[in-house]
Amino acid sequence: MNMAAGSGFRTAGTVLERAFFERPAPVVAENLMGKSLCRRSEGAIDRLTLNEVEAYDGFEDRASHAHRGRTLRNAVMFGRPGVCYVYLCYGIHWMLNIVTGPQDFPGAVLLRGAGAFSGPGRLTKGLGIDGSMNQRPAIPRSGLWLEDGGIVVGRRDIQRTARVGVDYAGPRWSRRKWRWVWSGGQQT
DNA sequence: TAAGTGATCTCT
DNA sequence: GAGATCACTTAA
């Protein structure tokens, strides 16, 4: 049992470096559970525990923006790991992703839930994240980064399900269990 | 259950 | 340039 998690208070942890993200998106996604999404705005720092993520990986994943190849919008997915990929969905909601995998291989993890925020659009709205964060590295200097706060999430506490809203991708990809949910991680 | 909303992509 | 699509949310 993690002391910090138990007390509901967390100090700064270890910043996740590029090497953490330089792995396949599903691996990064699973390992992001329980990590802290950190946001600095107006001098204050918020640290929220990640509890829901999805992986989008490679050219063949028909649910991924990159499956048709590189375009102006998804170019960041082909770039350096650990960089933010933020885009507007349905004309209203900003989606926050972190680029994964090696250079030139498109992959990203969609951050869908952290702390009390449930849903990718609500998360970005709550943290004041918009398109201006696109293509910026997820490091403290950018005001948005990830930390390992020492919280260990048991595998039994994580549910793996199909990704949300990707029925169009066909059964092979829409049914793939590339969504991770930690139901116990919504307190902070 | 369906509308809102606008950038992006594909096809003409 | 037009039309379809979309990794969502909210109000009914």
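Val152 is found in the loop that runs between β8 (144–148) and β9 (158–161). The model described here is predicted. With a relative accessible area of 74%, Val152 is exposed, because that value is over 50%. In sequence, Val152 and Lys35 are 117 residues apart, while their C-alpha atoms are separated in space by 8.6 Å.

Arg179 belongs to strand β10, which covers residues 179–182. The relative accessibility of Arg179 is 18%, so this residue counts as buried, the limit being under 20%. A polar contact of 3.0 Å joins the side chain of Arg179 to the side chain of Glu52. Glu52 is also listed among the residues that Arg179 touches when those up to four places away in sequence are not counted. That list further holds Val53, Glu54 and Arg112, together with the run Gln159, Arg160, Thr161, Ala162, Arg163 and Val164.

Two DNA strands, B and C, were examined for their protein surroundings. DNA strand C is surrounded by 18 residues, and the closest of these are His93, Asn97, Gly121, Arg122 and Tyr168. Of the strand C atoms that lie within 4 Å of the protein, 57% belong to sugar or phosphate, and bases supply the rest. Polar atom pairs involve both bases and phosphate of this strand. In the side chain of His93, an N or O atom lies 2.9 Å from a base oxygen of DNA strand C. For Tyr87, a polar side-chain atom is placed 3.2 Å from a base nitrogen of DNA strand C. On the phosphate side, an N or O atom in the side chain of Arg122 is 2.4 Å from a phosphate oxygen of DNA strand C. Two or more residues of the surface near DNA strand C come from each of β5 (93–99), β6 (107–114) and α4 (120–127). Sorted by class, this surface comprises 10 nonpolar, 6 polar and 2 charged residues.

The surroundings of DNA strand B consist of Arg68, Thr71, Arg73, Tyr90, Gly91 and Ile92. Among the atoms of DNA strand B that come within 4 Å of the protein, sugar and phosphate account for 53%. Backbone atoms of the protein take part in several pairs with this strand. A backbone N or O atom of Tyr90 is found 2.4 Å from a base oxygen of DNA strand B, and a polar backbone atom of Gly91 is 3.3 Å from a base nitrogen of DNA strand B. Arg73 faces the phosphate instead, with a backbone N or O atom 3.5 Å from a phosphate oxygen of DNA strand B. By class, the surface near DNA strand B divides into 2 nonpolar, 2 polar and 2 charged residues.

The largest pocket encloses about 450 Å³ of space. Its lining is formed by 22 residues, and those nearest the centre are Tyr56, Tyr87, Cys89, Val164 and Gly165. Two of these residues also appear in the descriptions above: Tyr87 has a polar side-chain atom 3.2 Å from a base nitrogen of DNA strand C, and Val164 is touched by Arg179. At least two lining residues are supplied by each of β3 (44–57), β4 (84–89), β5, β6 and α4. Of these elements, β5, β6 and α4 also each give two or more residues to the surface near DNA strand C. The lining of the largest pocket contains 14 nonpolar, 6 polar and 2 charged residues.

Conventions: Residues are numbered from 1 along each chain as its sequence is written. Chains are lettered from A and ligands numbered from 1 in the order in which they are written. This is a predicted model: local features need pLDDT of at least 70, side-chain atom pairs count only at pLDDT 80 or more; totals for chains, interfaces and linings use all residues. Side-chain values use heavy atoms; hydrogens and water are left out. A residue is near a molecule or strand if one of its heavy atoms lies within 4 Å of it. A polar contact is a pair of N or O atoms within 3.5 Å; within protein, one must be able to donate a hydrogen and the other to accept it, and residues adjacent in sequence count only if both atoms are side-chain atoms. Helices (H or I, at least four residues) and strands (E, at least two) are DSSP runs, numbered from the N terminus. Ala, Val, Leu, Ile, Met, Phe, Trp, Tyr, Cys and Pro count as nonpolar, Asp, Glu, Lys and Arg as charged, and the others, Gly among them, as polar. On a 1 Å grid over the protein atoms alone, a cavity is a set of points where a 1.4 Å probe fits but cannot get out, and a pocket is an open set with protein on both sides within 12 Å along at least five of seven lines; lining residues have an atom within 4 Å of a point. Grid points are joined across faces, edges and corners, and a volume is the space filled by probe spheres set on the points. Buried means under 20% relative accessible area, exposed over 50%, partly exposed in between (1.4 Å probe, protein chains only). Contact means heavy atoms within 4.5 Å.
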